[in-house]
Amino acid sequence: MPATVVVGTQWGDEGKGKLTDLLAKDMRLVVRYQGGHNAGHTIVVDGQSFALQLVPSGVLYPHTVPVIGNGVVVDPAVLLAECEMLGSRGIDTSRLVLSGNAHLIMPYHYELDLMTERYLGQNKLGTTKRGIGPAYADKAARIGLRVQDLTDPKIFRQKLDVVLREKNALLSRVYNRLPLDGEAIAERYLGEIAPRIAPMIGDTVALVHEALEAGEQVMLEGAQATFLDVDHGTYPFVTSSNPVAGGACVGAGIGPRDISRVVGIVKAYITRVGSGPFPTEVEGETADYLVDRGHEYGTNTGRRRRPGWLDLVMLRQAVRLNSLSELDITKLDVLSRLETVKVCVAYEADGTVYEHVPYHQSVLHRVSPVYEELPGWQEDLAGATSVDDLPAAARSYVELIAKAAGVPVSFVGVGPGREQYVSFAA
Ligand code: GDP
Ligand code: IMO
Ligand code: MG
């Protein structure tokens with residue numbers, strides 16, 4: 001049975017966690033394939049809210065196996081704390097399997113994340129300060145420590161020793177910071193953390209393939225989103241991994257032919273946290289309305305998200321980059337009570353109209369959105385359970401998105417709760 005990928009089509013926080021949880025009821029494996037605890041995926045069940053950072057969003061069901069794939073960067077202490085938090089709320093995480101090839105986030109990665117941002121000054125990215133970029137940089141530079149190194153103290157110490165020589169030189173001589181104590185790090189990672197992480201480690205590539213061969217359903221849960229992708233996003237204002245659907249192949253160890261379904265999550269408007277271009281960004285009253293009604297504050301960092309109107313130019317690009325087979329529109333309920341709703345149908349810059357994202361970043365920075373203004377709807381959508389419960393204007397909005405994307409809409413979210421959605425599937 002081929003796999004399903006869930007991917008964000010904007011700048012993150014589209015509601016991937018909620019949809020992953022929803023689809024997980026039919027899944028055997030739910031695999032995170034990239035990112036780390038920069039992600040914050042929220043699931044609300046029976047009024048209880050769960051904010052997940054590293055543990056895949058399928059964990060709430062007893063029949064799923066949550067898997068952290070090789071493409072993820074893992075702070076093992078954060079993972080343990082998250083499992084403990086879930087355990088204290090009655091969620092069993094004992095089935096979780098962690099790839100031995102996933103890279104470890106180490107204490108110096110946090111320091112370097114902070115220092116790089118500080119040195120960038122006004123040009124800072126606004127990272128989550130979780131050491132994500134430096135950990136992926138070390139992976140590419142081939143000096144990273146991997147989860148499996150936790151089970152071999154000799155190798156762990158050897159690698160740490162080598163890498164810390166360089167990191168400490170950098171921290172103390174360039175950044176004027178105190179050098180880190182290698183022995184203290186080794187003791188903490190090998191003494192306190194490794195014994196608790198070891199039982200989770202497994203061959204996740206084999207696990208995924210055995211499930212696919214047995215005809216079981218496998219879901220690949222993206223973190224971040226298409227326009228935070230290090231190759232295809234608004235570089236340099238991106239994360240350091242590949243959230244796009246292709247990243248699911250690399251980060252879970254499957255080939256493109258193993259994937260048959262790619263669900264793009266589209267928030268009914270857009271938000272972005274951190275710096276970077278945002279053609280449809282709004283300010284003033286409309287911004288406050290979207291932020292207040294949509295509770296647009298970072299799941300983990302608490303930062304206010306920058307809001308804007310839906311951008312169909314970006315969505316068309318996301319369809320291409322991910323070969324989306326269906327869309328899930330989230331937070332349609334947040335748009336209720338607006339007199340009109342705007343959608344960006346094209347960009348304009350220097351007398352040229354762009355229907356696709358201009359490849360040159362400088363152009364993207366100066367485009368103006370070309371808007372279509374649609375009638376809004378006053379009704380509260382929170383209780384809608386079928387398409388017929390949606391006002392005509394809300395339905396037209398969904399239809400316009402599907403038409404512009406050339407991809408059918410399967411679900412529309414009308415509230416944060418697990419059951420708050422309308423199915424558009426035939
Ligand atoms: P993710 O990172 O893509 O998983 O998204 P987040 O969890 O960071 O942010 C999405 C927020 O919107 C969370 O607080 C969700 O509970 C909430 N949410 C998801 N879908 C809907 C929806 O359809 N309507 C409303 N009102 N809230 C939603
Ligand atoms: P989920 O999975 C929204 C943003 C940061 C910053 C940039 C780089 O919940 O959608 P990083 O710490 O990754 O080096 O930061 O990426 N960012 C996110 N924005 N949702 C996320 O995750 C994000 N993860 C990273 O704000 O602009
Ligand atoms: Mg989030």
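Which residues touch the most other members of the largest nonpolar core? In this predicted model, they are Val-5, Leu-220, Leu-327, Leu-332, Leu-335 and Tyr-397, out of 73 residues in that core.

## Ground rules

Residues are numbered from 1 along each chain as its sequence is written, while chains are lettered from A and ligands numbered from 1 in the order in which they are written. Because the model is predicted, local features need pLDDT of at least 70 and side-chain atom pairs count only at pLDDT 80 or more, totals for chains, interfaces and linings use all residues, and side-chain values use heavy atoms, with hydrogens and water left out.

## The nonpolar cores

A nonpolar core here is a set of buried Ala, Val, Leu, Ile, Met, Phe, Trp, Tyr and Cys residues joined through side-chain atoms within 4.5 Å. Buried means under 20% relative accessible area, exposed over 50%, and partly exposed in between (1.4 Å probe, protein chains only). Helix 12 (residues 392-405) gives the largest share of the largest core, 7 residues. Helices (H or I, at least four residues) and strands (E, at least two) are DSSP runs, numbered from the N terminus. A second, separate core has 42 residues, including Val-45, Leu-96, Met-106 and Leu-150.

Leu-327 is worth a look in your viewer. Setting aside neighbours within four places in sequence, Leu-327 has contacts (heavy atoms within 4.5 Å) that include Gly-264, Val-266, Leu-315, Ile-401 and Phe-411.

## The magnesium site

The magnesium ion (ligand 3) has Asp-13 (OD) and Gly-40 (O) as its protein donors, at 2.0 to 2.2 Å. Donors are N, O and S atoms within 2.8 Å of the metal (3.2 Å for Na, K and Ca), and as water is not among the atoms, sites may look incomplete. Asp-13 sits in the loop between strand 1 (3-8) and helix 1 (16-23), and Gly-40 in the loop between strand 2 (29-32) and strand 3 (41-45), so the two donors tie together parts that are 27 residues apart in sequence. Asp-13 is partly exposed at 22% relative accessibility, whereas Gly-40 is buried at 13%.

## Strand 3 and its hairpin

Strand 3 has 4 of its 5 residues buried. It runs antiparallel to strand 4 (residues 48-52), joined by 5 bridges; two strands pair if DSSP finds at least two bridges between them. Thr-42 stands opposite Ala-51 in strand 4. The two strands form a hairpin with 2 residues between them, and Asp-46 in the turn has a positive phi of about 50 degrees.

## Helix 1 and the cavity

All of helix 1 is covered: 8 of its 8 residues are buried, so the helix is largely enclosed by the rest of the structure. Lys-18, Leu-19 and Leu-22 are among the residues lining the largest cavity, together with others including Asp-328, Phe-411 and Tyr-421. Helix 1, strand 15 (326-330) and strand 19 (409-413) each supply at least two lining residues. The largest cavity holds about 40 Å³.

On a 1 Å grid over the protein atoms alone, a cavity is a set of points where a 1.4 Å probe fits but cannot get out, and a pocket is an open set with protein on both sides within 12 Å along at least five of seven lines; lining residues have an atom within 4 Å of a point. Grid points are joined across faces, edges and corners, and a volume is the space filled by probe spheres set on the points.

## The largest pocket

The largest pocket contains about 780 Å³ of space. Asn-38, Thr-127, Thr-128, Val-238 and Thr-239 lie nearest its centre, among 43 lining residues.
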